[in-house]
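Trainee: Could you teach me how to read the sheet of a protein, and the helices that lie against a sheet?

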Amino acid sequence: MLKELITPQSAANSANVFVGKLGDVLIRAIGKPLGYALNWSRLWSLWPVHIETACCSLEFGAASGPRWDVERFGIIEAFGSLRQTDLVIVQGTITRKMAPRLRMVYDQMPDPKYVIAMGACAITGGLYFDSYNVLPGIDGIIPVDVYIPGCPPRPETLIQGVLLLQEKIKRMRVR
């Protein structure tokens, strides 16, 4: 009678259930700590590429100097190629002619990628908001993660924006 109850089909189904449960257990046991470790490594090793077109670039240079030193907050100095970076910092006015190039820079970066819009010009067009060739913000071209307001924003504001981005990365789910 036991042989009648256990057929090859039911044995395969029970094995599939076991494998499915094992997968769920492994995802719960390993997935969360592994995701925490990946997010921790991402938030302390941001490699930026800069799109510098205005006075905000001077403030970023000041933030990279010895007085504020953004390397303490996980922003590595800009070097390497676009295929190695994971953070775009747009500083200044973006014109309609520059918009396709900005999108190309964003598309060449590997996932996950993050964007910081620094200064009034990058966020709303700044002083040139009513000009025919200046974009009213870069969020129409690429998705922005953190907005840093000011004209130009101080280095302390840039550091606060980086800390906000790190909080966002910390809360992300790893895919």
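Mentor: We will go through the strands, then the helices, then two unusual peptide bonds. This is a predicted model, in which local features need pLDDT of at least 70, side-chain atom pairs count only at pLDDT 80 or more, and totals for chains, interfaces and linings use all residues. Residues are numbered from 1 along each chain as its sequence is written, and side-chain values use heavy atoms, with hydrogens and water left out.

Trainee: In what order do the four strands of the open sheet lie?

Mentor: Strands of a sheet pair through backbone hydrogen bonds, either parallel or antiparallel. Here the order is S1-S2-S3-S4, with parallel pairing; strands (E, at least two residues) and helices (H or I, at least four) are DSSP runs numbered from the N terminus, and two strands pair if DSSP finds at least two bridges between them. The edge strands, S1 (48–52) and S4 (146–148), each pair on one side only.

Trainee: How many bridges join S3 to S4?

Mentor: Three bridges join S3 (residues 114–118) to S4, and Ile-116 has Val-146 in S4 as its bridge partner.

Trainee: Which strands does helix H6 lie across?

Mentor: Helix H6 (residues 155–171) lies across S2, S3 and S4, at about 170° to S4. Contact means heavy atoms within 4.5 Å, while angles run from 0 to 180 degrees between N-to-C directions of lines fitted to C-alpha atoms, for helices over the stretch in contact.

Trainee: Where are the cis peptide bonds?

Mentor: One joins Asp-111 and Pro-112, with omega about -10°, and Pro-112 lies in the loop between helix H4 (99–108) and S3. Another runs from Cys-151 to Pro-152, with omega near -20°, and Pro-152 lies in the loop between S4 and H6.
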